[in-house]
Structure formats: structure tokens, C-alpha cells
Amino acid sequence: MMSVLIFRLNGVDDDEAADVRQLLDDNGFPYHETGAGFLGLGTAGLWLLQAEHKREARALIDAYQQQRAARLSAEYRALCDAGRAETAWQRALQHPFRTAFHLAGIAAILYLMLVPFLTLGR
């Protein structure tokens with residue numbers, strides 16, 4: 001018996017991960033969970049304990065993710081239609097230090113890329 005990775009948890013919302021765990025539990029698929037480790041370099045995921053159940057479990061997860069995508073898309077469209085969808089500018093204002101850090105990084109990269117061309121004639 002060999003475990004097989006069925007769902008990566010890196011970068012997954014907590015509610016989605018909880019839903020997938022519940023889906024596996026409800027359908028009787030034994031699994032175990034691994035974390036990303038101390039530095040976050042490992043593979044956080046859900047592993048099926050019985051590889052022969054991979055096809056059925058994958059089909060359930062795929063169906064769930066399609067339903068989730070459709071639901072979230074409809075919710076976003078409703079927010080847009082109501083004029084309440086969050087804009088990039090609003091997100092930037094909510095996190096001013098992070099925004100400034102990102103803009104400084106972009107400026108530094110652009111500067112380093114353009115300096116050789118700007119000093120070419122000297």
C-alpha cells in the first residue's frame with residue numbers, strides 16, 4: 001500500500017482545504033495530511049493512503065472545484081454588478097506598506113535593467 005498525493009495545500013484557502021477534507025471523509029477515503037515544514041519548502045498536501053482510490057477521489061475533488069469556481073465566479077459577478085467588488089486601488093490602500101515595498105522592488109528591478117542602456121553612450 002502506497003500513499004499518493006491527491007491535493008496540494010500550498011496556497012489553498014482554508015475553507016477550500018476544509019471542504020476537500022470533509023469531502024474525503026464523507027466518501028470514506030482514508031488520507032493523511034502533511035505540512036509545508038518549518039521554512040515552507042515542503043509539499044503541504046492531502047495524501048490518499050490507498051492509491052487504488054485515486055481516480056474516484058480525484059473525480060470528486062475535480063467536481064467540487066468546478067462547483068466552487070462557478071459559485072465564486074457568480075458571487076464576484078454579483079459584487080461587480082452591485083458596484084461592491086474590491087478594486088486593486090482599494091487593496092493597495094488596505095496594505096500601504098506592502099504596496100510600497102512592491103513598488104520599490106519594481107522600481108529597483110527596472111532601474112537595474114535600464115542602467116546599462118542609459119549609460120551606454122558615456
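**Exercise 1. Fold order**

Task: Find how many helices and strands the protein has, and work out the pattern they follow along the sequence.

Solution. Start by counting: the protein has four helices and three strands. Keep in mind as you work that this is a predicted model. Next, read along the sequence, and the pattern comes out as β-α-β-β-α-α-α.

**Exercise 2. The sheet**

Task: Determine the order of the three strands in the open sheet, and say which strands lie at the edges.

Solution. Step one is the order, which is β1-β3-β2, with antiparallel pairing. Step two is to look for strands that pair on one side only: these are the edge strands, β1 (4-8) and β2 (31-34). For step three, follow the twist, which averages 30 degrees from one strand to the next.

Now zoom in on one pair. Strand β3 covers residues 45-48 and runs antiparallel to β2, with four bridges joining the two. As a landmark for your viewer, Thr34 stands opposite Gly45 in β3.

**Exercise 3. A helix on the sheet**

Task: Identify the strands that helix α2 touches, and give the angle between its direction and that of β1.

Solution. First locate helix α2 at residues 54-82. Then check what it packs on: the helix lies on the sheet and touches β1 and β3. Finally, compare directions, and you get about 5 degrees between helix α2 and β1.

**Exercise 4. Arg68**

Task: Decide whether Arg68 is buried or exposed, and list the residues it touches.

Solution. Begin with its place: Arg68 is in helix α2. The cut-off for buried is under 20% relative accessible area. Arg68 has 7% relative accessibility, so it counts as buried. Leaving out residues up to four places away in sequence, Arg68 touches Asp13, Asp15, Glu16 and Asp19. With one of these, Asp13, the side chain of Arg68 makes a polar contact of 3.5 Å.

**Exercise 5. Overall dimensions**

Task: Set the radius of gyration of the protein beside the value for a compact globule of 122 residues.

Solution. The compact globule would come out near 14 Å, but the protein has 22 Å. For the outline, take the box filled by the C-alpha atoms: roughly 70 × 40 × 25 Å along the principal axes. Then turn to burial, where 16% of the 122 residues count as buried. The protein exposes about 9,300 Å², and carbon and sulfur atoms supply 62% of that area. To finish, consider contacts between residues at least 6 apart in sequence: 63% of them join residues at least 24 apart.

Methods
Residues numbered from 1 in each chain as written. Predicted model: local features only at pLDDT ≥ 70, side-chain atom pairs only at ≥ 80, totals over all residues. Heavy atoms only, no water. Pairing = 2+ DSSP bridges. Axes fitted to C-alpha atoms, helices over the stretch in contact; angles between N-to-C directions. Contact = heavy atoms within 4.5 Å. Rg over C-alpha atoms; globule rule 2.2 N^0.38 Å. Buried < 20%, exposed > 50% of the residue type's maximum accessible area, 1.4 Å probe, protein only. Areas by Shrake-Rupley, 256 points an atom, 1.4 Å probe, with all protein chains shown as cover. Polar contact = N/O pair within 3.5 Å; in protein donor to acceptor, adjacent residues only side chain to side chain.
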